[in-house]
Structure formats: structure tokens, C-alpha cells
Amino acid sequence: MPRHFFLLLIAGCLLSSTVARTEDATTTWRAVILEPADGTTAVAGPDHSPPTDPQVSAADEPLVAEPPVAEPPVAEPPLTPEQLALRERLRNCLAYYFYRPESTQRRSPWGVLHAIIGFGVDTSLLAGDREVNAIAWLCANGPCHGMQVLAPVAGSVGVRKGPGYQGHDGQLLAILAQSRVKIDYPLIVQGQRLSIGDLVRSEQLSCRAGTELTFKLIGLAHYLDPDTAWRNDAGEAWDIARLVKEELAQPIVGAACGGTHRLMGFSYAVRSRERSGRPLDGQWERAKDYLEQYHAYTFRLQNADGSFSTNWFARRGDQPDLDRRLDTTGHTLEWLAYSLPRTQLGDARLVRAVEYLIDLMWRYRGREWDIGPRGHAIHALSLYDERVFDGRLGQRAADLAAHRRVGRPAEVVERPPISGAPSR
């Protein structure tokens, strides 16, 4: 059947906002196309022509993703028995959450975004009685709890912000970047076919000094060449270095999720610069030094059981509340698992944090965790799996298939109590 028929069908069904009649977004948009394996990225900006539309067919499958931090291949020694055991526990835990997808009827766009951050392009979503690809659904502006996150803006694309929608400027782009979706992947807004490249340009235009630029930095540092320059819609000159400088002028303590996302923004900027082969000078050198200081400081705040401070980066903290512990340790480990050099991923302190988070999420796997902290905690373990155990973004189902039937939903695990667990 011709491709244009499917396009028209999707557009018409989305406009009707009737989930039962909506054509499966993955029929046409199944391929959540990943960045190429060589780590190159397409460049978008006011001085560049719009990216060409991808040729998507129903048979397309995700391509191999770029390495999460674009590091050169190295000869790795065989995994030790202890590492093999850790990989089994980690993948058992990931599989439990992977095979229990969220629902479009229950979750708002904000909730779906935080389901996506955990498994990226591999994330499934229940839409009525069907299972669809979560990124494909969201990028086709499929309704989530009756809400649509994308909005038309003068021939471009906007993202609705507020309760149930995007919580921060640039948050949607940041999550697509962390999922490593290609810049020319399509967006459908009221029947109009756009792309993530249009969303990139929209975020460039709305940059403002003195505002939270954290999530914009993650997304723009990923999708743009490090030396890209542009003007915002007020005519002011911007580039990636200015984004870094603006963010360095703002505090970590008190920032979103304890400042972990701000640190992630610096990490994305530095990795992008390193990937380009250009020197880490100026703002990039400042950002790298800042990250190294925070790496050391974070481990000084670590608790004896491997968890990270429940007071984020403000001071030491070991509160007993399980939701707080998932939130702080999950976010902090997520940033460390992405930003630490590969040579430090076997550090005993980091391994203890991974073990703690696995234990917490596994022991209380029947618990109704908040979707936001849970998504970032899953992403932390997914990143560690990729970087240490060669987990494959885009092929999670294959990697986790052998672990699918492990475990029960009940909170019954014969292990020593986790620090901070409530008494029964």
C-alpha cells in the first residue's frame, strides 16, 4: 500500500484524538532511527537548509547507535565472575521494568517522556489494546492521557509546557538527544510533517540569558556541531560556548533534580567537543574542570551502603525514605554512568552505587515508584549496561529476552535489608 496513504491515515486519526481509531504510529514511524555508529551528527541551524525527510517504511528497524560517550574502542579483558554476576542481576532488574510498559491512557506526555528516558528507542507503550513504540507515538503527537505535547508554531514546531507536558524548556529535545534519535526523524503536528531538526531550531531561537538553559544544552550540544553559531528570535548572538558559560554562572544546588541535569548538560557539551577532535579550551575546559571537581565531591558525599546523598550536592544525607533514595541515587548515578571516563567505571565506589540501585529497584519492584525518578534510575542502569557490559541501545529486547521471566512482582527478596527500608 502506498506510503502516503499511511501518512494521511495517521494525520486524520490523530486529529480525531480517538485512540481506538488511531492507526498504530509504529506502522509508518516504526524506525526510531539512531545516530550512525561513527558518532557523526547532522548539523542544523539558521544558516543550514532543513534536513531532508527520511524514507521510512514499515519494515525499517532501528540502526546501531553511536557509543554513548563516543570513546575509541579498546581491548577489554574478559569479565570476571563478579562482573558476570553483576550483569545478571542488573539485566534481571532491567527486564522486570522493560516488559511492563506504561499506558497512553494513564500517563501524560510528561509521564511518557520519563518512561522513554529509561530505555530510549526501545521503550514500548500500550495504546488501547496495542503495543507501540513510545518515541514513535510521541513524535507523531499521539494523545497521552488525552494530551498532545506538540503544537504548531508559525510553520515550525512548539512544545507545550506545564503540568502534564514538558516541565522545562528543552526537555523533550534533551530526552530525544539522550535516546540518540537522528535529527531528521519526523515529527507530525496537525498533519504537518516536520522533523527533530525543526525542534532544534525552535530551541535555538528561544535561548535567553539568565534563564534555565540546562535541557537546551543537552539537546543542542548533542545535535549541533560544537562551533555552531546562531541568533535567537531577538537577534542576539548565541553558540554552544555561550550556553556553557551561561550555565556555569548558575548554581548546582537548587537546580533541577539537585543539579544533576545541569551537570549532564556540561557532560554532553564536553563529550561533543571531544568527539569533534577540537581542543578542550575556553568554556569547554572550564566545564571539564568543573565536572572533575564534582566527580570527586560526589564520591565524598557517598553513603557507606553505596547510595548517594539524599541531600543531593548540598551536603551529606542518608534519609530513610525510599522514594527519596531512588530519586537522588538514580539521578546521580545516571550522570556518573554517562560522564565518568571508561577507565573509572570499575571503581569500587561506583560499583557499590550500581549494586545499591539494583537492590533497591529489585527488592521493591512491586512498589509504585514515581515515574520520573524511576525513569532516571532505569537510565542509570541502562547506561552502565551499555558502557560496561556492551548492552545495545536499539536491541534491548534481544539483550533482555533471557531475563524476561525472572522474578515476581511481590516485594520478597531474601537479602539483607536495604539501608533506609521502612520497618514492616
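**Exercise 1. Determine how far helix α7 is enclosed, and identify what covers it.**

Solution. Helix α7 spans residues 196-205, and eight of its 10 residues are buried, so the helix is largely enclosed by the rest of the structure. The model under examination is a predicted one.

Step 1. The buried positions are listed: Ile196, Gly197, Asp198, Leu199, Val200, Arg201, Glu203 and Gln204.

Step 2. The elements in contact with these residues are then sought. The cover over the buried residues of α7 includes strands β5 (156-159), β6, β7 and β8 (229-231). It also includes helices α6 (171-178) and α8 (214-223).

**Exercise 2. Establish what Ser195 does at the N-terminal end of α7, and whether Ser195 is buried or exposed.**

Solution.

Step 1. Ser195 is located in strand β7, which covers residues 192-195.

Step 2. A side-chain oxygen of Ser195 lies 3.1 Å from the backbone nitrogen of Gly197, and Ser195 thereby caps the N-terminal end of α7.

Step 3. The relative accessible area of Ser195 is 4%. Buried means under 20%, so Ser195 is classed as buried.

**Exercise 3. Describe how β6 and β7 are paired, and characterise their hairpin.**

Solution.

Step 1. Strand β6 comprises residues 186-189, and its pairing with β7 is antiparallel, over four bridges.

Step 2. Across the pairing, Leu187 stands opposite Leu194 in β7.

Step 3. Two residues lie between the strands of this hairpin, and Gln190 adopts a positive phi near 50°.

**Exercise 4. Analyse the aromatic pairs in which Phe98 takes part.**

Solution.

Step 1. The structure contains 12 aromatic pairs. One of them joins Phe98 and Tyr99, with 4.9 Å centre to centre and 85° between the planes. Planes over 60 degrees apart count as edge-to-face, and the pair of Phe98 and Tyr99 is accordingly edge-to-face.

Step 2. Phe98 also pairs with Phe119, at 5.0 Å centre to centre and 80° between the planes, which is again an edge-to-face arrangement.

Step 3. The positions in the chain are compared. Phe98 belongs to helix α3 (residues 81-98) and Phe119 to helix α4 (residues 109-119); they are 21 residues apart, and the pair links distant parts of the chain.

Step 4. Burial is assessed with the same limit of 20%. Phe98 has 12% relative accessibility and so counts as buried. Phe119, at 6%, likewise counts as buried.

**Exercise 5. Identify the residues of one aromatic cluster and two arginines that lie over a ring face.**

Solution.

Step 1. One aromatic cluster is formed by Phe266, Tyr290, Tyr294, Tyr297, Phe313 and Trp335.

Step 2. Arg242 is positioned over the face of Trp238, 3.8 Å from the ring centre.

Step 3. Arg367 lies over the face of Trp369, and its distance from the ring centre is 5.2 Å.

**Exercise 6. Summarise the chain as a whole in terms of secondary structure, burial, contacts and surface.**

Solution.

Step 1. The protein chain has 15 helices and nine strands.

Step 2. It has 424 residues, of which 56% count as buried.

Step 3. Among contacts in the chain with a separation of 6 or more, 71% involve residues 24 or more positions apart.

Step 4. The accessible surface of the chain amounts to about 17,400 Å², and carbon and sulfur atoms account for 52% of that surface.

Conventions: Residues are numbered from 1 along each chain as its sequence is written. This is a predicted model: local features need pLDDT of at least 70, side-chain atom pairs count only at pLDDT 80 or more; totals for chains, interfaces and linings use all residues. Side-chain values use heavy atoms; hydrogens and water are left out. Buried means under 20% relative accessible area, exposed over 50%, partly exposed in between (1.4 Å probe, protein chains only). Rings of Phe, Tyr and Trp (its six-membered ring) pair if their centres lie within 6.5 Å; planes under 30 degrees apart count as stacked, over 60 as edge-to-face and the rest as tilted. A charge sits over a ring if NZ of Lys or CZ of Arg is within 6 Å of the ring centre and within 35 degrees of the ring normal. Contact means heavy atoms within 4.5 Å. Accessible areas come from the Shrake-Rupley method with a 1.4 Å probe; for residues, only the protein chains shown count as cover. Two strands pair if DSSP finds at least two bridges between them. A polar contact is a pair of N or O atoms within 3.5 Å; within protein, one must be able to donate a hydrogen and the other to accept it, and residues adjacent in sequence count only if both atoms are side-chain atoms.
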